[in-house]
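Please look over the sequence and the model below before reading on. The report that follows moves from charged pairs to the interior and then to the chain as a whole.

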Amino acid sequence: MYTYTKLMIVALMAMTAFTSCSSNDEDGYIASTLRNHDWEGTISEYYKSRWGFSGSEYSTVMRFESKDAYYTSGRGYELDCNLSSPRENYAFCSFKWFIVDGDITIIYDDAKWDPVYIIDYELNSNNFYGYIYNGSNSKILFDLQSATFEDWDYYRRKGYRDFTNTYNARELAEPDGISVASGIFAEILKSKE
């Protein structure tokens, strides 16, 4: 009886160890897949809830970065823009991200942007789609595809170059943080002050 009980305890401990290991492996896979791509596409209700826009002329691009391949957290960038005039009408913000048990949390450096939680999603090397939760009860559908976005430097430099009292460029308290908006996006952010 003693030996049987001892074997059961060892088996339970082994199952617990394998379970936590597989969760970490899954988080590592998610992080490495996020990091190896720029993600570009649409976030349907997002433009309506955050910006008040509707229509198919808006797009989002996201990039997730970290110190190395083993990190399940790091920093990233998001660009929301009007497709017909992306350098005149856009909002660009840096963020912190982390993964716990497969759930992705994004905390924007601009305090006006609420954190978002990506819980219900599908991710592979070509597609990243599912639902974003922004603290409300609504689910916001997103559909992003793997892409190579060449203009990150333009938006990052813009944030540090032309500091003014408007949202066209402003420095954040976070040393690595950037929040820049232009055109219609800047007008909306200014109206929220």
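## Terms and model

A residue is called buried when its relative accessible area is under 20%, exposed when that area is over 50%, and partly exposed in between. By this scale R63, at 23% relative accessibility, counts as partly exposed, and the reader should keep in mind that the model discussed here is a predicted one.

## Salt bridges

A salt bridge, as the term is used here, is a side-chain nitrogen of Lys or Arg within 4 Å of a carboxyl oxygen of Asp or Glu, and by this rule the count comes to 5 salt bridges. One of them joins the side chains of E65 and R63, with an N to O distance of 3.9 Å. E65, like its partner, falls into a middle class, since its relative accessibility of 30% makes this residue partly exposed.

Another salt bridge brings together the side chains of R75 and D109, where the distance from N to O is 2.4 Å. Because R75 lies in strand β3 (residues 73–82) and D109 in the loop between β5 (103–108) and β6 (116–123), the pair ties together parts that are 34 residues apart in sequence. The two partners fall into separate classes of accessibility: R75 is partly exposed at 22%, whereas D109 is buried at 11%.

D151 and R87 form a further salt bridge, in which the closest N and O atoms are 3.2 Å apart. This pair links distant parts of the chain, 64 residues apart, with D151 in the loop between β8 (139–147) and α3 (152–161) and R87 in the loop between β3 and β4 (90–100). Both residues are partly exposed, D151 with a relative accessible area of 27% and R87 with one of 36%. Elsewhere, salt bridges that share partners join D38, R63 and E65 into one network.

## A buried tryptophan

W97 is found in strand β4, and its relative accessibility of 1% means that this residue counts as buried. A polar atom of the W97 side chain lies 3.0 Å from the backbone oxygen of E65, the residue that also forms a salt bridge with R63. In sequence W97 and A31 are 66 residues apart, while in space their C-alpha atoms are 9.8 Å apart.

## The nonpolar cores

The largest nonpolar core has 35 residues, and those that touch the most other members are L34, W51, F64, I104, I106 and F128. Strand β4 supplies the largest share of this core, namely 5 residues. If residues up to four places away in sequence are not counted, I104 touches I30, L34, F98, I99, V116, Y117, I118, Y121 and F128. Apart from the largest core lies another core, of 12 residues, among them F92, F149, W152 and Y154.

## The chain as a whole

The protein chain contains 4 helices and 10 strands, and from the N terminus on its elements run α-β-α-β-β-β-β-β-β-β-α-β-β-α. Of its 193 residues, 40% count as buried.

Among contacts between residues at least 6 apart in sequence, 51% join residues at least 24 apart. The accessible surface of the protein chain comes to about 10700 Å², and 53% of this surface belongs to carbon and sulfur atoms.

Methods. Residues numbered from 1 in each chain as written. Predicted model: local features only at pLDDT ≥ 70, side-chain atom pairs only at ≥ 80, totals over all residues. Heavy atoms only, no water. Buried < 20%, exposed > 50% of the residue type's maximum accessible area, 1.4 Å probe, protein only. Helix = DSSP H or I, 4+ residues; strand = E, 2+ residues; numbered from the N terminus. Polar contact = N/O pair within 3.5 Å; in protein donor to acceptor, adjacent residues only side chain to side chain. Core = buried A, V, L, I, M, F, W, Y, C linked by side-chain atoms within 4.5 Å. Contact = heavy atoms within 4.5 Å. Areas by Shrake-Rupley, 256 points an atom, 1.4 Å probe, with all protein chains shown as cover.
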